[in-house]
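Reader: Could you walk me through this structure, one feature at a time?

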Amino acid sequence: MNNGAVVKLIDVHKVYRTGEMEVPAVRGVSLDIRRAEFVALMGASGSGKSTLMNILGCLDRPTSGRYFLDDADVSGLDRDRLADIRNRKIGFVFQNFNLLPRTSARENVELPLLYNVQRLTNAQLREKADRVLASVGLVGREDHHPSQLSGGQQQRVAIARALINDPEVVLADEPTGNLDSRTSIEIMGIFQQLNERGITIVMVTHEQDIASYAQRNVVMRDGIVLSDRVVTQRSAAEAELEKAARSTSEEDRGVGPH
Amino acid sequence: MRVGSTFNVAFRALRRNKLRSVLTALGIIIGVGAVIAMVGIGNGAKAQVEAQIASLGQNVILIFSGSTTSSGIRTGWGGAGTLKIEDAEAIRREVPGVAGVSEEVVSTTQVAAGNQNWFTRIYGESADYFDIRQWPLADGAPFTPQDVRSANKVCVIGRTTATQIYGNEDPVGQILRIKEVPFTITGVLTPKGLSPQGVDQDDIVIMPYTSAMKRVIGGTNLRNINVQIGDARQVEAAQQQIIALLRQRHNIRPGRDDDFTVRNQQEIAEAATATSRVMTLLLGAIAGVSLVVGGIGIMNIMLVSVTERTREIGVRMAVGAHGTDILTQFLIEAVTLSSVGGVIGIICGIGASRILSAYAHWPTLISLSSILIAFLFSAAVGVFFGFYPARQAARLDPIEALRYE
């Protein structure tokens, strides 16, 4: 069964009940995501990608079908066991960052550690959080509150929070949805770096150019996988950033392309 | 295992909302402070009454002459004139365990010395009276049993009377005219303050009861007899023996009512403290209401907080918090608010009662037990009113919570 897949979905269905009506949101999805893959999950709203994301994130259980995360069947676990799985194996990055307000970047990053089985001292928490914050380029911002940080910096704090417990997979739900295009590319740069370090990333997006930073695009429609293909013309964030920098400096000199 | 972290989480959350935390705790601070101060006032009043009762003397039995009805007019206690000097002597002689007996007659009259005069109470007593009432002299000496036997024209006076007549002069050895009879003042009593009924006990002239009967009041009837028993355990028995003795002496047949009334100090104390006990309860209950209101304030804020922090709860659950972690966090927040408020409230309550004592001259008494009860109650308020919001928070669905706007 194990072919290097860290995430393995077998014929997963999810049906919501609203009163008498049964609304199928996911209608039989089978999906393998190997270790160190960077997958973009795409689809219009109502395609079932959010529901699938919730199942992947162990926030929700499939109505039928099975879900193996890191070779363990998690489809039938109860609330508390799922919470433990989320804590140890999954890192979440949200569109609206979901940082705790009036709380320093460091304390935000420490948050998952507080729910860890392993108890750490405050000094250990701090040391670990500062190390991860440094790895996403936020040295010197550890004591800043979210309101004192730019959108891109807030999303970096959220990424650091997702990474703090060394998860099996990072799930990002429209991570660039609230960011301008340049900052979006920066965030994609971080994702690509993390991916090169061997971290598995699943990212929901509806933007084609953001999806092109991933290795593989899975498109959903009406609760099933419509297409699943490897990205051939993959964007590299570093190159894109250089290009953008060059064009702005040309604009400054008044010799822009237009 | 995770409780330590949860404390950490809860304290961080409280620190994040400092103003709200302080305002929420304020309800409890006021509630606990009010309870401490009110109960302190009530207990202080009770203690004062008890001290005044104790000033009546230890193990004292009071025998009052009965009332009588003449032409349809009832005289009240002491009016019947049924107690005689011989009754007092019989008690002194026949009742075991008696440490002292004082025959008492009472009147009010004008007294004068030099160009000053004053309207005061005249008490005729035996020489035992000062021991029975535990009322030492500040200056001079009491009259003696010999003075009583001879009905000498001597008296001791209370502090108020002394000040009114003699000002700053030393009254000992001076002559005080009572109904135009000159009495020599042998001593001045130590001040005793107000009685439980609010009468100034120092506004008094005390003389041998024989002198009072012969030279001031007239008559041979006693208003009452004060008896002191040596041993507290014998008071009940002595009281029964006194009743039996007096019934026999007054020829009262079985089945007929006594023509006198016997009270011991215990009964008087109970009657007097009952009022202040009720007052303490009442004050405490009123203050307790404000504590409950404070508790509801906590519940209110915690409920608002759960709604406002729905996203936060969602994030916590997403990163691995169990329902119980959320429940514990919110409970700890509520209990921390209420117990920290309780501690501050206790300090404020103690401060308030100190201020009342100092400026309004109300006696206050704060017992360790009332502090402990107030603290435990405030913590319990936190648990009770924090539980519902905490459970609401713990039951949230993480997906819904994360999506909440």
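Reader: How far apart are the centres of domain 1 of chain B and domain 2 of chain B?

Author: Domain bounds here come from an automatic or database domain assignment. Over C-alpha atoms, the two centres in chain B are 55 Å apart. Domain 1 of chain B covers 3-52 + 271-403, and domain 2 covers 83-258. This is a predicted model: local features need pLDDT of at least 70, side-chain atom pairs count only at pLDDT 80 or more, and totals for chains, interfaces and linings use all residues. Residues are numbered from 1 along each chain as its sequence is written, while chains are lettered from A and ligands numbered from 1 in the order in which they are written.

Reader: What is the radius of gyration of chain B?

Author: The radius is taken over C-alpha atoms, and the globule rule is 2.2 Å times the number of residues to the power 0.38. For a compact globule of 405 residues that is near 22 Å, but chain B has 33 Å. Along the principal axes, its C-alpha atoms fill a box of roughly 100 × 55 × 45 Å.

Reader: How many helices and strands does chain B have?

Author: Helices (H or I, at least four residues) and strands (E, at least two) are DSSP runs, numbered from the N terminus. Chain B has 13 helices and 14 strands.

Reader: Where does H12(B) bend?

Author: A bend is the angle between axes fitted to the seven residues ending at a residue and the seven starting there. H12(B) turns by about 40° at Phe387(B), with Pro389(B) following within four residues.

Reader: How many residues does each chain give to the contact?

Author: Two residues touch if their C-beta atoms, placed from the backbone, lie within 7 Å. Chain A gives 20 residues and chain B gives 20 residues.
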